[in-house]
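Student: I would like a close look at the salt bridges in this model, taken one pair at a time. Please set them against the overall build of the chain, and say where each partner sits and how exposed its side is.

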Amino acid sequence: MRPNRFRQRLDAGLPTLGTHILSCWPTLVELVGQAGNYDYVEYDAEYSPFTMHDLDNLGRALELTGLAGVIKVEQTQWTHQAMRALGSGFQAILFAD
């Protein structure tokens, strides 16, 4: 399992910088990672269409770039989407309410 640098920074009281995306296009995550300015990417699954295969592709892009992935899941699908996102490589879940 890869280290969760996002969690390590939070535990140490250090600031983190992330960006918010609505597209499930993995190349976007790669571009954010190549910029070298961010610690994490938050994918808003609550307001954007995606398939379970899209989560796998985003997870691979996150691992490739070394970014932490945060996903905001829809309230009615919390359990399924959260478990699937963790299996895809996301390292944090944001539950919408």
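Tutor: What follows goes from the chain as a whole to its salt bridges, and ends with a histidine.

Please keep in mind that this is a predicted model, and that every value below is computed from it. The chain has four helices and four strands, and from the N terminus on these elements run α-β-α-β-α-β-α-β. The radius of gyration is 12 Å, close to the 13 Å that the globule rule gives for 97 residues, so the chain is as compact as a globular protein of that length. Along its principal axes the C-alpha trace spans about 35 × 25 × 25 Å, and 37% of the 97 residues count as buried. Of the contacts between residues at least 6 apart in sequence, 55% join residues at least 24 apart. The accessible surface comes to about 5800 Å², and 54% of this area belongs to carbon and sulfur atoms.

Turning to charge, the chain carries 7 positive and 11 negative side chains, and the centres of the two sets lie 7 Å apart. The count of salt bridges comes to four, and three of these pairs are described here, including Arg7 with Asp11.

In that pair, the side chains of Arg7 and Asp11 meet at 3.7 Å, taken from N to O. Both residues belong to helix H1, which covers residues 5-11, and because they are four residues apart there, about one helical turn separates them. The two partners fall into separate exposure classes: Arg7 counts as partly exposed at 43% relative accessibility, while Asp11, at 59%, counts as exposed.

Another salt bridge joins the side chains of Arg9 and Asp39, with an N to O distance of 3.8 Å. Arg9 lies in helix H1, whereas Asp39 lies in the loop between helix H2 (26-35) and strand E2 (40-44), so this pair ties together parts that are 30 residues apart in sequence. Here both partners are partly exposed, Arg9 with a relative accessible area of 29% and Asp39 with 27%.

A further salt bridge is formed by the side chains of Lys72 and Glu46, which meet at 3.3 Å from N to O. This pair, too, links distant parts of the chain, since Lys72 is in strand E3 (residues 68-73) and Glu46 is in the loop between E2 and helix H3 (52-65), 26 residues apart. Lys72 has 19% relative accessibility and therefore counts as buried, the cut-off for that class being under 20%. Its partner Glu46, with a relative accessible area of 23%, is partly exposed.

Helix H3, which follows the loop that holds Glu46, also contains His53. At 59% relative accessibility, His53 counts as exposed. The C-alpha atom of His53 is separated by 9.9 Å from that of Cys24, although the two residues are 29 apart along the chain.

Taken together, one of the described pairs lies within helix H1, another connects helix H1 to the loop between H2 and E2, and another connects strand E3 to the loop between E2 and H3.

Methods:
Residues numbered from 1 in each chain as written. Predicted model: local features only at pLDDT ≥ 70, side-chain atom pairs only at ≥ 80, totals over all residues. Heavy atoms only, no water. Helix = DSSP H or I, 4+ residues; strand = E, 2+ residues; numbered from the N terminus. Rg over C-alpha atoms; globule rule 2.2 N^0.38 Å. Buried < 20%, exposed > 50% of the residue type's maximum accessible area, 1.4 Å probe, protein only. Contact = heavy atoms within 4.5 Å. Areas by Shrake-Rupley, 256 points an atom, 1.4 Å probe, with all protein chains shown as cover. Lys, Arg positive; Asp, Glu negative; His and termini not counted. Charge placed at Lys NZ, Arg CZ, Asp CG, Glu CD.
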